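Visitor: I have a structure to look at and some terms I do not know. Please take me through them one at a time.

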Protein chains: 2
Amino acid sequence: MCAKKPEVKPYHHGNLKEELIENGLKYIDKYGVESLSMRKLAEASGVSSAAPYAHFKNKDAFLDAVQDHITENLTDALHKAFERSTEREVLIELGKGYVTFFYENPLYYQFLFTRRNIDINTFPPYQFYSEVASVALKKMHEKKLTKETIRKKTITMWATVHGLARFALMDGVLNTDDLDKEIGQLLCSIEV
Amino acid sequence: MCAKKPEVKPYHHGNLKEELIENGLKYIDKYGVESLSMRKLAEASGVSSAAPYAHFKNKDAFLDAVQDHITENLTDALHKAFERSTEREVLIELGKGYVTFFYENPLYYQFLFTRRNIDINTFPPYQFYSEVASVALKKMHEKKLTKETIRKKTITMWATVHGLARFALMDGVLNTDDLDKEIGQLLCSIEV
DNA sequence: CACGCAATCTAATCACTGTCAAGATTGTTA
DNA sequence: TAACAATCTTGACAGTGATTAGATTGCGTG
């Protein structure tokens with residue numbers, strides 16, 4: 001009764017592309033990617049089921065866009081971890097940041113690493129980690145490391161971090177009461 | 001011409017359940033789980049599209065069965081790695097076995113770890129690894145390890161192995177010319 | 001200002017999917 | 001042999017990604 005706001009829906013949405021991505025992020029965070037459908041997202045934005053295809057070639061391209069956003073958030077988290085850490089503990093802090101990011105958004109992990117294979121050379125979080133690790137290792141060892149050694153140490157450490165992120169998502173494996181402390185202790189088992 | 005084998009299709013397939021699972025395994029190994037459909041599998045077995053539902057409650061239950069088979073294969077691979085290894089190098093050999101298994105069947109990795117969260121307590125490969133690791137660590141350190149230390153070392157090592165398996169699937173990260181050697185060297189970076 | 005183009009949207013439709021219900025066929029067991 | 005349970009077919013439904021043709025609109029150019 002007394003509908004004051006007819007709220008006549010304009011023909012053009014005006015911000016559809018961004019809204020779709022944002023809703024996609026939220027949906028995946030809540031329910032995972034499996035049950036996500038373009039039609040549901042379109043309806044949620046009050047738009048016809050074909051409208052999204054004006055902005056994305058297909059569902060896959062849309063998910064690519066969502067993936068890019070998550071990747072950005074992850075990279076941001078790593079940058080923040082880098083900035084708040086001392087020089088001596090960068091690598092451990094980056095590890096904590098990585099694990100925590102996925103612990104807080106478990107479904108992102110599945111989504112991010114389930115889609116088409118990530119290219120190491122263009123995946124920003126790994127690029128950033130490589131750079132930081134290279135610098136840190138050289139300082140720690142006073143530049144006495146070969147390139148090959150740096151490569152090996154970097155890979156091993158990051159593999160551990162990635163594996164720990166997985167374990168953090170499983171019930172009863174890690175002590176999540178103080179995840180930061182737990183990760184810190186676990187990463188110390190690796191000689192750098 | 002001169003069709004000698006009319007090959008009258010019997011009303012009952014006789015081995016449908018097993019054949020579906022087998023074809024499912026092959027399909028996932030080739031194309032991944034995304035494009036797998038119950039109807040295609042049914043057709044491949046020369047059976048109507050609703051027939052599989054006499055054996056599986058729904059697609060999810062079917063994929064559970066496929067997942068169980070892959071898990072079994074992985075567990076077998078670990079057992080074999082265990083048997084062919086010396087006491088001193090069990091942990092490294094298990095790691096090699098784990099990584100190699102997924103390197104040879106890359107799409108299994110995605111499938112296995114993409115579905116509903118694995119329960120650490122009922123996932124045979126991890127159970128087996130825990131037992132082996134516990135025994136190995138105690139021997140190495142002459143029983144001077146606390147339970148908590150064993151837990152930490154086991155988790156870290158296995159996390160590294162799992163992460164390395166991921167890297168093995170990415171182009172240009174690991175040296176896959178001699179993957180066994182590479183994994184062996186990388187795992188040595190971890191103090192056990 | 002008006003014209004027209006390009007971006008964006010709708011409506012209608014297609015092939016495909018998971019899944020169910022009703023009924024047909026068969027193996028097995030009492 | 002009769003009856004039951006397991007297995008399969010047919011036919012249907014709603015939901016999906018995607019395409020097409022055409023409607024609406026914003027915006028820059030003359």
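**Terms and values**

Visitor: How do you know that the length of helix H7 of chain A agrees with its number of residues?

Guide: Helix H7 of chain A has 23 residues (147–169), and at 1.5 Å a residue they should span 33 Å; the end C-alpha atoms are 34 Å apart, so the two values agree. The expected span is 1.5 Å times one less than the number of residues. Helices are DSSP runs of H or I with at least four residues, numbered from the N terminus.

Visitor: What is this model, and how are its parts numbered?

Guide: It is a predicted model, in which local features need pLDDT of at least 70 and side-chain atom pairs count only at pLDDT 80 or more, while totals for chains, interfaces and linings use all residues. Residues are numbered from 1 along each chain as its sequence is written, chains are lettered from A and ligands numbered from 1 in the order in which they are written, and side-chain values use heavy atoms, with hydrogens and water left out.

Visitor: Why is H7(A) called largely enclosed?

Guide: Because 19 of its 23 residues are buried. Buried means under 20% relative accessible area, exposed over 50%, and partly exposed in between, with a 1.4 Å probe and protein chains only.

Visitor: Why is Gly184(A) called buried?

Guide: Its relative accessible area is 10%, and the limit for buried is under 20%, so the term applies. Gly184(A) sits in helix H8 of chain A (residues 179–187). Leaving out residues up to four places away in sequence, Gly184(A) touches Ile92(A) and Lys96(A); contact means heavy atoms within 4.5 Å.

Visitor: Which residues come nearest to DNA strand C?

Guide: Of the 24 residues around the strand, these are Tyr11(A), Ser48(A), His55(A), Arg39(B) and Lys59(B). Sugar and phosphate make up 61% of the atoms of DNA strand C that come within 4 Å of the protein. A residue is near a strand if one of its heavy atoms lies within 4 Å of it.

Visitor: What makes the pair between Lys59(B) and DNA strand C a polar contact?

Guide: A backbone N or O atom of Lys59(B) lies 2.6 Å from a phosphate oxygen of the strand. A polar contact is a pair of N or O atoms within 3.5 Å, so this pair qualifies. For Tyr53(B), a polar side-chain atom lies 3.1 Å from a phosphate oxygen of DNA strand C.

Technical notes:
Helix = DSSP H or I, 4+ residues; strand = E, 2+ residues; numbered from the N terminus. Polar contact = N/O pair within 3.5 Å; in protein donor to acceptor, adjacent residues only side chain to side chain.
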